Amino acid sequence: MRYAQGGGLTDAGRAAREWVRLQAVDRFEAGQGNREIAAALRVSERSVERWRRRWRERGEAGVLSKGSPGRPRLSEAQIARLERELERGPLAHGWADQRWTLARIKTLIGRLFHVSYTVEGAWRLLKRHGWSWQQPARRAIERDDRAVEVWRKETWPLVKAPRRSATPGWSSRTKPGSR
C-alpha cells in the first residue's frame, strides 16, 4: 500500500489496521463471505481475500501486524559512536576541510559500521536524532559589512532581472497586426 508524501503508518494507525483485520478473522470464523465482510468493514474485497488466505495458511498470526517496516539499521551504541566521530570533525577522517556534507556522513557510516545508507537516509538519520545542518559559530574575519551593503544597494539592482511589464501577453507566435 502506498501513502501520500512517502509516509507510512504510525503505531496507532498500524494498531487500528490490525484491529480491522482481527474483526475480519472473527467474521471468517462465523462463516461470512468476502463481499459481506468487505462491506461491513469498509475495505476492498481483494484485501479480505488476501487476509482470508493468510488466515488459512497461518491462523490469526498471519493477519497480525509485523511492526514498523523502518527498523533502525544502527544500534544506540553505534549512533553514540557516530556522534563522537562527527564531533571529531571531517579533518580527522581524511577530508580536506571542516565541512560535514551528507555524502561525507554517508561515507563515514559505511566506513565505521559497514552499513549502506543513501544520502537521503543519512539526512533522515541525522534529523531523527536531533542533528541539523551546520551553521558557522561566528562570521568570517574578512567580511566587510559596509561593502556588502553597498553591493546590495548598487550592484544587485543592476544584476537582477527586470520585472515583466504589466501589459497582457499574446499567446500567438505572430503579432496581432501582422495578418
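Q: What does it take for a residue to be called exposed here?
A: Exposed means a relative accessible area over 50%, buried means under 20%, and partly exposed covers what lies in between. Keep in mind that this is a predicted model.

Q: So why is R42 called exposed?
A: R42 has a relative accessible area of 77%, and the cut-off is over 50%, so R42 counts as exposed. You'll find R42 in the loop between α2 (34-41) and α3 (45-58).

Q: What makes the backbone of R42 worth a second look?
A: Its phi is positive, about 60 degrees, although R42 is not a glycine. Most residues other than glycine have a negative phi.

Q: Where does H114 sit, and what is its phi?
A: H114 lies in the loop between α5 (102-113) and α6 (119-128). Its phi is near 55 degrees, again a positive value in a residue other than glycine.

Q: Why is H114 called exposed?
A: The relative accessible area of H114 is 72%. Exposed starts at over 50%, so H114 qualifies.

Q: Why is R46 called exposed, while R53 is called partly exposed?
A: Both belong to helix α3, as the placements of R46 and R53 show. R46 comes in at 65% relative accessibility, over the 50% cut-off, so R46 is exposed. R53 has 46%, which falls between 20% and 50%, so R53 is partly exposed.

Q: How far are these two arginines from R35 and V63?
A: C-alpha to C-alpha, R46 and R35 are 9.3 Å apart in space, with their positions 11 residues apart in sequence counted as separation. For R53 and V63, the separation is 10 residues in sequence and 9.5 Å in space, again C-alpha to C-alpha.

Q: What does the secondary structure of the chain come to?
A: Seven helices and zero strands. From the N terminus on, the elements run α-α-α-α-α-α-α.

Q: How do you know how α2 and α3 pack?
A: Two packed helices are described by the angle between their axes and the distance between the axes. For α2 and α3, the axes come within 8 Å and cross at roughly 115 degrees, and the crossing is right-handed.

Q: Which residues make the contact between α2 and α3?
A: N34, R35, I37 and A38 in α2 meet E45, V48, E49 and R52 in α3. By class, that contact has three nonpolar, one polar and four charged residues.

Q: What makes a set of residues a nonpolar core, and which members touch the most others in the largest one?
A: The members have to be buried residues of the nonpolar kinds in the definition, joined through side-chain atoms within 4.5 Å. The largest such core has 16 residues, and L74, L82, L86, I109, F113 and L125 touch the most other members. The elements giving two or more residues are α4 (76-88), α5 and α6, with the largest share, five residues, coming from α5.

Q: Which residues does I109 contact, leaving aside neighbours within four places in sequence?
A: I109 is in contact with L74, L82, H114, V115, Y117 and L125.

Q: Which residues does the second core include?
A: This separate core of 10 residues includes V20, V25, L41 and V48.

Q: How much of the chain is buried?
A: Buried residues make up 22% of the 179 residues. The accessible surface comes to about 14700 Å², and 51% of it belongs to carbon and sulfur atoms.

Key: Residues numbered from 1 in each chain as written. Predicted model: local features only at pLDDT ≥ 70, side-chain atom pairs only at ≥ 80, totals over all residues. Heavy atoms only, no water. Helix = DSSP H or I, 4+ residues; strand = E, 2+ residues; numbered from the N terminus. Buried < 20%, exposed > 50% of the residue type's maximum accessible area, 1.4 Å probe, protein only. Areas by Shrake-Rupley, 256 points an atom, 1.4 Å probe, with all protein chains shown as cover. Contact = heavy atoms within 4.5 Å. Axes fitted to C-alpha atoms, helices over the stretch in contact; angles between N-to-C directions. Left-handed = near helix turned anticlockwise from the far one by under 90°. Nonpolar A, V, L, I, M, F, W, Y, C, P; charged D, E, K, R; others polar.
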